[in-house]
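Biologist: I've got a new structure open and I'd like to walk through it with you. Shall we start with the strands and then look at the domains?

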Amino acid sequence: MSRVRTGLGLALAIGLMAGPAAAQPPPGAKFEPLVAPNTTVKVSPHVWVIPDRSTPLVPNIGIIVGSKAALVVDTGLGERNGAVALAEARKAAPGRALYLVTTHVHPEHDLGAGAFPPETKLIRSRAEVAEIADTGLTMANRFSQMSPLNAELLQGATFRKADIVFDKSYDLDLGGLTVRIVAVGPNHTAGDTVTWVPADKVLFSGDVAMKGQPAFASPKSNLAHWLSALDTLDALKPAIVVPSHGPVGGPEFISGYRAYLTAIRDRARMLKAQGKSVDETVAAISAELKDRYPDTGRLAGAIRAAYAES
Ligand SMILES: [Zn+2]
């Protein structure tokens, strides 16, 4: 208990450090989507995190270390960032066999996998495999057009073939430590996964529960399903939640998403029943919620999903 508490204290400290100074730069501001070397922090007895410093297109990267093997969660954008993740994993887990899992197949989470040596075992949910077959490098090409650095980072990047494919969940023995990877999509994407480290009560929640507002990023994104995924996350009773992006925290990310999605669902239902159009519903709910939830693009995505499902 005390060890977990220590981990939680550190996690909260990281969260505080990632406050105003590290907040997301305004749209159009310059940022470099680079994973920072030598910044890795230990958040619990078996878990290290390379923090994203709340930088857009940089994920929090996890390194979960057992006595025989380590699991890396997410890669960074392209092989240059993947190489940083690999080097940090080698430091946190010297001599261990490496496994890799991605929270979802968006480029900054997955397209650094090529930097890992061939013997690394890549684990994917069947939904991730299907999503890659469906959407390919569409988003990577969009990212490449956003800046010359993105284009450089993604030059030649392709999706690495999975070594292990699972349907609903996969238990991985790292040596004295078993972790569970669970397919929880469609939420942010069709192939969202979360990784649970029961011994440390640490949950890697992907984009399914974070401090920032949820992004409905796939045509398959589904609000009702997202709420059921939050039930799955809650049932684990995590002490520390490491999201894909933003500060490390705790179960308040899950309850925060539940409150947000429930409020939007209930209002969209009411307005649709009153005969409002989808655009009227987006305008009305956005006006009500934008002071608390300032990302109007993400608000609109959630409201449109709620309207369609009502
Ligand atoms: Zn994403």
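Biologist: Let's pick Ile63. Which residue is the bridge partner of Ile63 in β4?

Modeller: Keep in mind that this is a predicted model. In it, β3 and strand β4 (residues 69-73) pair in the antiparallel sense, with four bridges. A hairpin of three residues takes you from β3 to β4. In β4, Ile63 has as its bridge partner Val72.

Biologist: And on the β2 side, which residue stands opposite Ile63?

Modeller: Strand β2 (residues 47-50) is paired with β3 too, antiparallel and over four bridges. Look across from Ile63 there and you land on Trp48.

Biologist: How many of the five residues of β3 are buried?

Modeller: Side chains in a regular strand alternate between the two faces of the sheet, so it's worth checking both. In β3, Ile61, Ile63 and Val65 point one way, and they are buried. Gly62 and Ile64 point the other way and are buried as well. For strand β3 (residues 61-65), then, the buried count is five of five.

Biologist: Now the open sheet of five strands. Which are its edge strands?

Modeller: The order in this sheet is β8-β9-β10-β11-β12, and the pairing is mixed. An edge strand pairs on one side only, and that fits β8 (169-173) and β12.

Biologist: By what angle are neighbouring strands of this sheet turned against each other on average?

Modeller: Strands of a sheet can pair in a parallel or antiparallel way, through backbone hydrogen bonds. For this sheet the angle ignores direction, and the average is 20°.

Biologist: Which residue in β12 stands opposite Gly206?

Modeller: Strand β11 (residues 202-206) and β12 run parallel, joined by four bridges. Opposite Gly206, in β12, you'll find Pro243.

Biologist: What angle does the direction of α7 make with that of β11?

Modeller: α7 packs on the sheet, where it touches β9 (178-183), β10 (193-197) and β11. Its direction and that of β11 make an angle of about 165°.

Biologist: Last one, on the domains. Which element gives the largest share of the side of domain 1 that touches domain 2?

Modeller: The domain assignment splits the chain into domain 1 (2-250) and domain 2 (251-310). Between them, 22 residues of domain 1 are in contact with 18 residues of domain 2. On the domain 1 side, α7 (223-236) and β12 (240-243) each supply at least two residues. The largest share, seven residues, comes from α7.

Technical notes. Residues are numbered from 1 along each chain as its sequence is written. This is a predicted model: local features need pLDDT of at least 70, side-chain atom pairs count only at pLDDT 80 or more; totals for chains, interfaces and linings use all residues. Domain bounds come from an automatic or database domain assignment. Two residues are in contact if their C-beta atoms, placed from the backbone, lie within 7 Å. A residue is buried if 20 or more other C-beta atoms lie within 10 Å of its own, exposed if 12 or fewer, and partly exposed in between; C-beta atoms are placed from the backbone. Two strands pair if DSSP finds at least two bridges between them. Axes are lines fitted to C-alpha atoms, for helices over the stretch in contact, and angles run from 0 to 180 degrees between N-to-C directions.
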